[in-house]
Amino acid sequence: GRASVMDYPYMYVKLDANGKIDLSDAYATGIGAWDKVSIMYGYSEFPSGTNEDSALDAILHNAWSNGLTFLTDQDARPAGSAEPQTHLWDNGKDAAAELNRLMKVRRVALDRFGEAAIREGRPLATMEDALVPIYLFHRYQVVAASKTLGGLYYTFAMRGDGQQPLHRPSAAEQKEALDALLNTLDPAQLALPQGILNKLPPRPFTYPATRELFNRYTGLVFDAVSPAAAAADITVSMILQPERAARLIEQHDFDSTLPGLDQVIDRLFDATYGIKPANGYQAEIERAVRRVVADRLMDLAAGADMPQVRAIAALKLRQLRDRLTADARRSDVADRAADLMSATDIGRFLDRPMAPEKMAQPVAPPPGDPIGSGEPAGPPPTRPLD
């Protein structure tokens, strides 16, 4: 929820009864429940004869009983952070459910997006400036939902204070989170409406491209596919984050009902290599997403600190190479070309995993977290080029 003004939650956008965008509750008023606890703990004056230590402990115990937990930026900012309730820029009490809700809001916003997004007399090309934050509306919630996967609920428990120090999210919670994350990779979710694509000309003189816009392979012309690759890279990078991958391995060792890294990668393959796009545009998006998966899996196999993470990632790459080699016999020329290229690049990587060949990197999204310092809560850096 909105337990503290220090949470910096993203604006809360919802759909009204008619399925239209509702901004009436975009930002909360007043301070949150944890802010009140902090003030009570720091400034309460107790009657004479009160045991102050016991009275202060009672304030904290009452907060814990109401579901309030204190955690900080060190628990929220790192890409590999694990606490399912501690994030930057998110809303909702359940990160996965909120991601699913936001994807519905995002779709409505995209479907109604048009010239009204800019002022009269502005170049139509500048619609892209407003399109970027709407298209990536879900990016912070992707980061939040990923923390349930291989996550760990924990508190700064003290000896004798009665708090439960830690426990893992259930298998059902982790499945829900993975399902929500994989939904963001669906080509139907990543495709831009044709109405938008038909109204985005190249940027005119004195309106140069900036780092806040989408990268493109198409020169001056707006690229209809690279935004999908950038959005997919946010999700895939968080699923295959090295520290998260290590936790997935270890949690499955202790509890076989919880997902392991190999199972998660298999689900990722099924969601990206096991579907049939609805049309040619979505098929091109799907090929871009598949390439992101292959590249990020090679990153994991090359760069993870835990040897078993690298071992499983390498095994899955071998399986993917064999699958792509077999799929490359399909009649569709575009699919065959993409599959053969990926299979060849994976084979080259497996032959020299510690010194990968120079390869193109996934399309990077425009900058995200604009506030604060320290490690951003986003995808890890891409593999450096040789």
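1. Let's start in a loop. G274 sits in the stretch that links α12 and α13. Is G274 buried or exposed? Its relative accessibility is 52%, so G274 counts as exposed, the cut-off for that label being over 50%. Setting aside neighbours within four places in sequence, G274 is in contact with F269 and R323. You can also try a distance in your viewer: the C-alpha atoms of G274 and R203 are 37 Å apart, and 71 residues separate the two along the chain. Please keep in mind throughout that this is a predicted model.

2. Now follow the chain into helix α13, where you will find V289. V289 has 0% relative accessibility and therefore counts as buried, a label that applies under 20%. Not counting residues up to four places away in sequence, V289 touches L185, L190, A232 and T272. For another distance to check, the C-alpha atoms of V289 and V105 are separated by 22 Å, with these positions 184 residues apart along the chain.

3. Next, the nonpolar cores. In soluble globular proteins, nonpolar side chains tend to be buried together. Here the largest nonpolar core has 78 residues, and the members that touch the most others are Y135 and I239. Which helix gives the most to this core? Helix α13, residues 280-303, does, with 11 residues. Looking at I239 in detail, and leaving out residues up to four places away in sequence, its contacts are L149, L178, L181, L182, R244, V264 and L268. Another core lies apart from this one; it has 6 residues, including W34, L56, I59 and A63.

4. Two packed helices are described by the angle between their axes and the distance between the axes. Take α4 and helix α5 (residues 127-135) as a case: their axes come within 10 Å and cross at roughly 160°. Why is α4 called roughly antiparallel to α5? The crossing angle of roughly 160° makes α4 roughly antiparallel to α5, because angles over 145 degrees get that name. The crossing of α4 and α5 is left-handed. On the α4 side, R106, A109 and L110 take part, and they meet L131, I134 and Y135 in α5. Sorted by class, this contact has 5 nonpolar residues, 1 charged residue and no polar ones. You may recognise Y135 from the largest nonpolar core.

5. Compare that with a second helix pair. Helix α11 (residues 242-254) packs on helix α12 (residues 261-273) at an angle of about 120°, and their axes are 8 Å apart. That makes α11 oblique to α12. From α11, the residues making the contact are A245, L248, I249 and H252, while α12 brings L261, Q263 and V264. By class, the contact of α11 with α12 has 5 nonpolar and 2 polar residues, and no charged ones. V264 is also one of the residues that I239 touches.

6. Finally, two backbone details worth a look. W89 is not a glycine, yet it has a positive phi of about 65°. You will find W89 in the loop between α3 (73-76) and α4 (95-111). T206 is not a glycine either, and its phi is positive too, at about 75°. T206 belongs to the loop between α9 (194-197) and α10 (226-239). Which of these residues is buried, and which is exposed? W89 has a relative accessible area of 6% and so is buried, whereas T206, with 56%, is exposed.

Technical notes: Residues numbered from 1 in each chain as written. Predicted model: local features only at pLDDT ≥ 70, side-chain atom pairs only at ≥ 80, totals over all residues. Heavy atoms only, no water. Core = buried A, V, L, I, M, F, W, Y, C linked by side-chain atoms within 4.5 Å. Buried < 20%, exposed > 50% of the residue type's maximum accessible area, 1.4 Å probe, protein only. Helix = DSSP H or I, 4+ residues; strand = E, 2+ residues; numbered from the N terminus. Contact = heavy atoms within 4.5 Å. Axes fitted to C-alpha atoms, helices over the stretch in contact; angles between N-to-C directions. Parallel < 35°, antiparallel > 145°, perpendicular 65-115°, else oblique. Left-handed = near helix turned anticlockwise from the far one by under 90°. Nonpolar A, V, L, I, M, F, W, Y, C, P; charged D, E, K, R; others polar.
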